[in-house]
Each structure stands twice: as C-alpha cells, then as structure tokens.
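This report introduces a protein chain to a reader who has not met it before. It turns to the disulfides, then to a sheet, and then to the aromatic rings.

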Amino acid sequence: QFALEESGGGSVQPGGSLRLSCAAPGFSLDYYTVGWFRQAPGKEREGVSCIKMHDGSTHYVDSVKGRFTIARDNAAHTVYLQMNNLKTDDTGVYYCAAEAAKARTQYPTMCAPGEVYDYWGQGTQVTVSS
C-alpha cells in the first residue's frame, strides 16, 4: 500500500502552462503504469495520458497530443505531466493513478481505463480561464 501525492494545479489563462507532479514517496514505481485522468464538472472521468515506468512508453488522448508531455523520474518515484498551450476545455480535477500489472500487460499499446488502476491520488484542480 502506498499513497500518491499530486501537486502543481492552479489557474492559468488560455495558452498558459502548468506542470503536475505525482509522487509516491519512498515507494518504487519501476514496474507500475502511472496514468493521469481528469474530470470536469458534470462530465465523466477521462483518461489523459499514461506512462509505463519499466520502459518509459507513453500514450495520450488525442485532445492533448502535442500539448501535454508525461515524463518519469524513477529515482524520485515521481511522474510529471507538463501541460502547455492550455485550453478552457482542459479545466478539471486531475488525478494520477498507478497499477502494477494489468495496465502494463493487458494494455501494452494504450492506456488502461480507470477501473484497472488500484492507487489514486487526491486530485489537483486545474482551471483555464480568461
């Protein structure tokens, strides 16, 4: 059992940038898949991106490709989501999640759906508004 700690949310204008962090202090994520999800008011949770920690492979939902970058720091037990050229549609609560096996083995070329993940952070608010 471990806890995921998110940080880095905030309020920005359209076109701005934010970097979210997802940390698992003292716990190795080396063989986990870490995903970022978001939920806007009145909408269902949406998968944004994921990274397979063992090989660094990454996947993105089409709406963020070219704007968001997910990256890992295995030594720091942390995954980052760099978000550039933010749009109002990116507003929502962002959650990171981790899973040890199924997300890597059963979804090798894509991100697993949220129900596969075992560990979730508390969420961080991202607001994009002019």
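In this predicted model, Cys22 and Cys96 form a disulfide in which the two sulfur atoms are 2.1 Å apart. The torsion about the S-S bond of Cys22 and Cys96 is about 75°, so this disulfide is right-handed. Because Cys22 lies in strand E3 and Cys96 in strand E9 (residues 92–99), the pair ties together parts that are 74 residues apart in sequence. Cys22 is buried, and Cys96 is buried as well.

A second bond of this kind is formed by Cys50 and Cys111, whose sulfur atoms are 2.2 Å apart. Here the torsion about the S-S bond is about -100°, so the disulfide of Cys50 and Cys111 is left-handed. This pair, too, links distant parts of the chain, 61 residues apart, with Cys50 placed in strand E5 (residues 46–52) and Cys111 in the loop between helix H1 (102–105) and strand E10 (119–120). Cys50 has a relative accessible area of 0% and is therefore buried, whereas Cys111, with a relative accessible area of 23%, is partly exposed. The count of disulfides comes to two, and with bonded cysteines counted along the chain they follow the pattern 1-3, 2-4. The table sets out the values for each bond.

| Disulfide | Sulfur–sulfur distance | S-S torsion |
|---|---|---|
| Cys22 and Cys96 | 2.1 Å | about 75° |
| Cys50 and Cys111 | 2.2 Å | about -100° |

Strand E3, which carries Cys22, also belongs to a sheet. This is an open sheet of four strands in the order E1-E3-E8-E7, and its pairing is antiparallel. Strand E1 (5–7) and strand E7 (68–73) stand at the edges, where each has a single partner strand, so one side of each is left without a neighbour in the sheet. From one strand to the next the twist averages 15°. In general, the strands of a sheet pair through backbone hydrogen bonds, either parallel or antiparallel. Within this sheet, strand E3 (residues 18–23) and strand E8 (residues 78–83) run antiparallel and are joined by six bridges. As one example of the partners across E3 and E8, Arg19 has Gln82 in E8 as its bridge partner.

The aromatic side chains give a further view of how separate segments meet. The structure holds eight aromatic pairs, and one of them is the stacked pair of Phe2 and Phe27, with 4.1 Å from centre to centre and 20° between the planes. Phe2 lies in the segment before E1, while Phe27 lies in the loop between E3 and strand E4 (33–39), so the pair ties together parts that are 25 residues apart in sequence. Is each of these two rings buried or partly exposed? Phe2 is buried, with a relative accessible area of 14%, whereas Phe27 is partly exposed, with a relative accessible area of 25%. Phe27 also meets Tyr32: the ring centres are 5.8 Å apart and the planes stand at 80°, so the pair is edge-to-face. Tyr32 itself counts as buried, at 12% relative accessibility. Together with Tyr119, the residues Phe2, Phe27 and Tyr32 form one aromatic cluster.

Another contact pairs a charge with a ring, for Arg45 lies over the face of Phe37, at 5.6 Å from the ring centre.

Definitions and conventions:
Residues are numbered from 1 along each chain as its sequence is written. This is a predicted model: local features need pLDDT of at least 70, side-chain atom pairs count only at pLDDT 80 or more; totals for chains, interfaces and linings use all residues. Side-chain values use heavy atoms; hydrogens and water are left out. Two strands pair if DSSP finds at least two bridges between them. Helices (H or I, at least four residues) and strands (E, at least two) are DSSP runs, numbered from the N terminus. Axes are lines fitted to C-alpha atoms, for helices over the stretch in contact, and angles run from 0 to 180 degrees between N-to-C directions. A disulfide is a pair of cysteine sulfur atoms within 2.5 Å. Buried means under 20% relative accessible area, exposed over 50%, partly exposed in between (1.4 Å probe, protein chains only). Rings of Phe, Tyr and Trp (its six-membered ring) pair if their centres lie within 6.5 Å; planes under 30 degrees apart count as stacked, over 60 as edge-to-face and the rest as tilted. A charge sits over a ring if NZ of Lys or CZ of Arg is within 6 Å of the ring centre and within 35 degrees of the ring normal.
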